[in-house]
Amino acid sequence: MSFDLNNTIDCIRKFLPHQASLKDFIHHNTLEAFQHEDFFSALQKSKYLFGHQTHLNLQSYQNKFLNGGITVEALEYAINTYGNNCIKHCFDSALWAPLQKPTEPLIGKFREKWQSDYNFDIEHHVQIPLFKLLSSYLDQGVSITTFPKSELGFLNSVLKLNASSKSKLFKSPRIQTLISKPFNASTLLYILLADEQYYQTYIWDLLFSHPGWSGFINVVDHNPQTLFNTVPISLQDVCLVELLLEIDALDQHFGTHWAPLGHQSGCSIIHVEQFNTHFTADVAITIWQNALEWTWYDQLISCLNKTVPVHEPTQSTSAQLIFCIDDRESSLRMHIEQLDSTCETYGTPGFFNIPIYFKPYDSIHLTKLCPAPVTPKHLIIEHQNPKIKSKSFNFHQRPFTLTYGWLFSLSYGFVSLLYLIYDLFFPHEHVSGSIAHKHLSETSELQYEFKNQTYDAKHKSLQLGFKTAEMFHLAFSFLNTMGLKHNFAPLVYIIAHGASSQNNPHYAAYDCGACSGRPGSVNARLMALFLNRKDIRNALLNAGLVISDDTQFIAGLHDTTRDEIVFYDLDHLTPETVKKHLKIKLTINHALQNNAAERSRKFETIALQASLTKKHQHIKKRSVSLFEPRPELNHASNCYCIIGPRKFTKNIFLDRRAFLNSYDPYSDTRGDILTQILKPIGPVCGGINLEYYFSCVDNNKFGAGSKLPHNVVGLFGVSNGIDGDLRTGLPYQMIDLHDPLRLLVVVYQKPEIVSDILNQQPEIHSWYLNQWMHLICIDPFTYATYKYTKNGFVPYFTFTSSQHFIKSDHLVKYNSRTPLPISIITHAN
Amino acid sequence: MQTEILNLLIYSVFGLPLILFLILAIFKNASELIIYRISIWGYGIQILLITALSIYEFGYFNANLFFKSLTLYKSEDYEFYIAFFINPSCILFLSTGTLLSLLITVFSKYYLHREQGFNRFFTHIHLFYLGFVIICISGNLETLFIGWEIIGICSFLLIAFYRNRFLPVHNALKVFTIYRLGDIGLLLSMWGIHHAWHSNVNFQNIDVLPHNIYTNSILVQFILLMLLLATMAKSALYPFTTWLPRAMEGPTPSSAISYGALSVHMGIFLLIKTYAIWQHSVLFKIILCAIGIITAVVSTLISNTQSTIKGRIAYATAAQVGLMCIELSFGWITLTIWHICGHAFLRTYQLLQSASIVSLKNQQFKFQKQSFQIANSKLSAFKATVYTLCLKEFNMDLVQHFYFWKPLKSIGRYLKINTWTIFFIRITPILCIGFLNRYAPVYISDMIKDYIPIVLGVFGLGLILKAFSATTNLKLIMTLIFSNHVFASLAISNNEKLQMHELLYYWIGIVLGFGICMYVLNYILQTHKQLNITRYNGLVYFFPTSSLFFLLGCLMLSGFPICTTFIGEDLIFSHIKPNQVLLVLILSLSFILDGLALIRIYARIFLGPVAIHQYLNAYKRS
């Protein structure tokens, strides 16, 4: 058998972190590579192969149990569901075992021999120049003098630079002769190892000695659009350059005569089969994790079982508000409904069924606005009224090296002191901030009608705008999925969401997950434009959707950090609608304030007793503060996803934990709509949830560690210090208030229908079958609850004995910062 | 009356940060809010004090202000005292630093919220500020040296703030190494000054020193060289520039204040304070100017190729420091001090908002222009060469590694002192010769006699080199370091008559430090028998208190100004005659390595990734 670098790298690829550039921060399951396996076996596997900490440690579970974070009932339930014929005390020794000593991971052992047998820190000598080469090569705009890239890829660019430079990148004469003629990986590996059986192992170890960079290059290789200035690069090239640098470093250190690593004794070899073997799940971890999860799940289910569905209001609805399913919108929806019972709210994925590329007026690049797996075929162009020119001038991002540095130190330096004081004591909006509403200006126009034009993007041709028939289809299925088919209120709002933050390289992680990490304002505005069109309405009428002429659709954007909403295209409204709109706007603003108050409970820097307006002011300040590493808490503490009519959840206080997707089970007798809804739940909500889970249990390896020492690399990544590997995953500041729980999906539909869907759609099924998410099904007619297990749906009976209640007027007053239980809202009267 | 108020004022300016530091160091478990309030009040009062001081300074005296405080040691020809000296440039720099510390405190209150080590961060920042204040208001080099050392150790601790990761600890050690060179530069220039003017030089009488010795005195050239070394190391001038970007490992505010604003200007400030010493030396000015130009040009070039934002700012900072050297070499003191202040503000603000660059640049949607393409021309070959050199940071690290550290380490490895028996066999004869010659000086000809101190010194150096590179038998390594001090003091006492109390000054800290270190080591080895210091062990995770004590022990043992060894070191040096440059170099080298070996052992045992529990660690290179 001969060694093939491409094959080896293809085996490795899927195990590398899959994080794209910072601007496209898309949540995904961190352990995507193991997703086809059972959740708990995958945890064990990742632990033994890569040395990750994949769950809380036993002690944390035990402490949680002692503090009441895991209830006795839930633990019993978890034990009972685990072993059907085992008695409880069998598990006692396992559950209460002391902290285990970790085992050495499989990856990296071989490589450690450079240190142990040669006393040579090869990584230190190789990776500092390698990372420098890579970051200069891929740089998107930090450096002034850029790398002389060639179209032939990384390796060739490096060799070309080396050839024309008098100061050589590779000092060793051996390397210089080697690179003067064609060479391949085997040549280099032979020098390093001398024994072919180790080649593959060495490449595994090599790429996993800097998982951040390897992963990022893999992403760029597959999806070059993740960088604005596309650059050709492949993992193979990086491997070769790294091997060259390694030989060079060894030659420099030991001279040309050193024994290859393969001659050392006691080397272990990685076999690809090891990555396909099945690992048995750890009993104690399985039980504890399930117990922790069911402590939370059962609270929700018992609330859902106990509440009587709210009957349709007798008076007509004054407004319908359509939000993203995002967990951050769940509380705003509750506050709006509590303030005005004539308002109805709906939830649907935040790209509002319009997958598009978008070209902002001042940009030459396209941004994708739809869930990550979807590839849009349409392009929407923004036209800006030329009078508005954004002030994009920021002194402080200039380099200030020699002469400018001298001039500015002596003059502007002192002004920057004043700036600093101003910024610290009076936080205000900066040019450099990422502000949600800047994504789409209120005054700009969208070119969305198809006029026989196409746009040639780099590799594909995109249709410019939508045809009427396409608009109709999108609009119809948009309304149909939510179950909003009749009784349209005079005002229907379509409200996207985005986030604002300052001094935050991870800003894209805070925006809408269904829009590939960007605000969904364009999509919302387009859908409103579609639905306000006469021809579309007529077409909808023919399809059976009656929308009266009085009904107006209004698009908006909810800034989840600042709790503000902007509305688009208001000048098209009739005066009466404007009046109605102003009334609703008042309610919305009030609700936003209440929402800010609910959120502020978790921020220790905001006093619990402060007034509502004060809290809202504080919340707004966070979004523009230079010094605030937590502008908002994002998806922290998410753990539920409820698919069903809002009437079942309206009276439940969810503590911002739930993704809420509107769905009408009564009209969907075949489950076609439910299939459409369930498809993105895994990749979007499951992805968010699992990324939070893994970043939370091992913030050092899965997560990005603390945000405070982060350094921006080439605009596409962050590292610690200037020599560090790229950090992937979520920083500590995003997960420190999160409980690592998997997502519980609650579906209001008959179990038979859901079973059918799961059987027909294996990609949906695998999420639940392998327990990466839990599934509960509630029959919308009988309210009987079923739990999905490997053997299909089985009836589920709640075990929580005590029910929590919260008074509706307490929804804005809180006196604790700890997580609140899921409770039923009771009204004062 | 007025002077009394003034003295009180100066004492408070110096005492307040000390109290602030002590409060936080003692009340380790105080809540974030309390820590913040204490700090903010501290800096608030400090600003008032400094305002008062500057009113006095500019309103009443309008000139330099000097007063002598505590005398720590006195003999007929040597006096070690604390002195304060204030002039307008001191006030200016002091105000800049205080203002920035205040603002950084406000910034960090939110920025470090819920971070592990909130208290540790503020404690280090206050200690750093204390060192800064001492340097600003110091009246002689001895006082300045105290601040200098404090800043050195604080930098180490702040860079290694994330102490369970590999790179911060590694880079902290690197920076400490360079700083140590600067320390010795300063120490040797103090030694030279003491001998050159035979009086206690301070910043008040420095102006009226007799200048006649400038003519061809090797000693003065040596002093200037050492001052320059201190400046180059501390201010990241060429060829030491590489430490500056690598110091950016701590939380952003600490990087901003230390390496953007205060620490990096300390060398320049030293030159301002000692202006009177070098102002007449044309050669020094030319060298300073040349180094300034090289630093400015090289750093600018490197800065332009940096693809990380902090790296870019760090090298841009170094370029400005280079310009400051040029300004100084022309004697433009006032310009330099204003340049320092403005630059400090600019860089602090830039670093604090460095992360904004992602959202700013991504909003602008611009294609990055290719700066050059490689073609077959002379010009493009030149550009490629410069670019490659910039990527490799002009091989500064490589040169230091290959021509300085690697030889030292190989010598250490070559010396075979691996077991206790060999150790005792090797040192006993030399020790006997030393003691015999000192206390029973018979039968030895004068010619040989002169070389005995050098032999002893070299032997001590050998021991410390072994300790510097050894990786097994921790207790033996500590003993090697300890015995190096025996040899050093023996060498000196063979050189000149040493008073018993001088030795006492020297030995108190050594013995105390050694005792503490050995005790802690014993304690640790009980539970961790297989402690292997070829790698980092990260034991601070399990033994935070032991770690603190071990660090204190190491600091005492290496003559850090927390005990009398610091004065003793000075005293010992004062007994080396001005013509014994070889001896002084040997001894100072062994002092450098002594500190380095100790900090290295501390870092290997207590810092870095937790060796026995890899779930607690990040990836090694992250």
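## The main core

The largest nonpolar core takes in 461 residues, and the ones with the most contacts inside it are A:Ala475, A:Met527 and B:Ile137. The biggest giver to this core is helix H6 of chain B (residues 166-197), which puts in 18 residues. Keep in mind that this is a predicted model.

Let's look at A:Ala475 in a bit more detail. Leaving aside residues up to four places away in sequence, A:Ala475 touches A:Met527, A:Phe530, A:Leu531, A:Ile536 and A:Leu540. A:Met527 turns up twice here: it is a contact of A:Ala475, and it is also named with A:Ala475 and B:Ile137 for having the most contacts inside the core. As a general backdrop, nonpolar side chains in soluble globular proteins tend to be buried together.

## Where the chains meet

On the contact between the two chains, 85 residues of chain B meet 97 residues of chain A. On the chain B side, the elements giving two or more residues are helices H3 (88-111), H6, H8 (243-246), H12 (282-305), H13 (309-329), H14 (333-352), H15 (357-364) and H16 (378-391). H14(B) gives the most to that side, with 10 residues. Sorted by class, the chain B side has 38 nonpolar, 36 polar and 11 charged residues.

H6(B) is worth a second glance: it gives two or more residues to the side that touches chain A, and it also gives the most to the largest nonpolar core.

## A covered helix in chain B

Helix H10 of chain B, spanning residues 266-273, is mostly covered, with eight of its eight residues buried. Those residues are B:Met266, B:Gly267, B:Ile268, B:Phe269, B:Leu270, B:Leu271, B:Ile272 and B:Lys273. So the buried set has a lysine in it, B:Lys273, since a residue counts as buried here if 20 or more other C-beta atoms lie within 10 Å of its own.

## The six-stranded sheet

Over in chain A there's an open sheet of six strands with mixed pairing, in the order S14-S12-S17-S18-S19-S20. Its edges are S14 (658-661) and S20 (792-795), each pairing on one side only. On average, neighbouring strands of this sheet are turned by 25° against each other, direction ignored.

At the S14 edge, S12(A) (residues 640-643) pairs with S14(A) in the parallel sense over four bridges, and A:Tyr640 stands opposite A:Ala658. At the S20 edge, S19(A) and S20(A) pair in the antiparallel sense, again over four bridges. A hairpin joins these two strands through two residues, and A:Lys787 has A:Val794 as its bridge partner in S20(A).

What lies across S12, S17, S18 and S19 of chain A? That's helix H14 of chain A (residues 283-306), running at about 15° to S18(A). The strands H14(A) lies across include S17 (743-748), S18 (773-778) and S19 (785-789).

## The three-stranded sheet

Chain A also has an open sheet of three strands, ordered S13-S22-S21 and mixed in its pairing. S13 (652-653) and S21 (805-807) are the edge strands, each paired on one side only. S13(A) runs antiparallel to S22(A) (residues 823-826), and two bridges join them. In S22(A), A:Ser823 is the bridge partner of A:Phe653.

## Domains of chain A

Chain A is split into domain 1 (5-23 + 107-269), domain 2 (319-350 + 467-633) and domain 3 (395-425). The C-alpha centres of domain 1 and domain 2 of chain A lie 48 Å apart.

Notes
Residues numbered from 1 in each chain as written. Chains lettered and ligands numbered in written order. Predicted model: local features only at pLDDT ≥ 70, side-chain atom pairs only at ≥ 80, totals over all residues. Pairing = 2+ DSSP bridges. Axes fitted to C-alpha atoms, helices over the stretch in contact; angles between N-to-C directions. Contact = placed C-beta atoms within 7 Å. Domains from an automatic or database assignment. Core = buried A, V, L, I, M, F, W, Y, C linked by C-beta atoms within 7 Å. Buried ≥ 20, exposed ≤ 12 C-beta atoms within 10 Å, placed from the backbone. Nonpolar A, V, L, I, M, F, W, Y, C, P; charged D, E, K, R; others polar.
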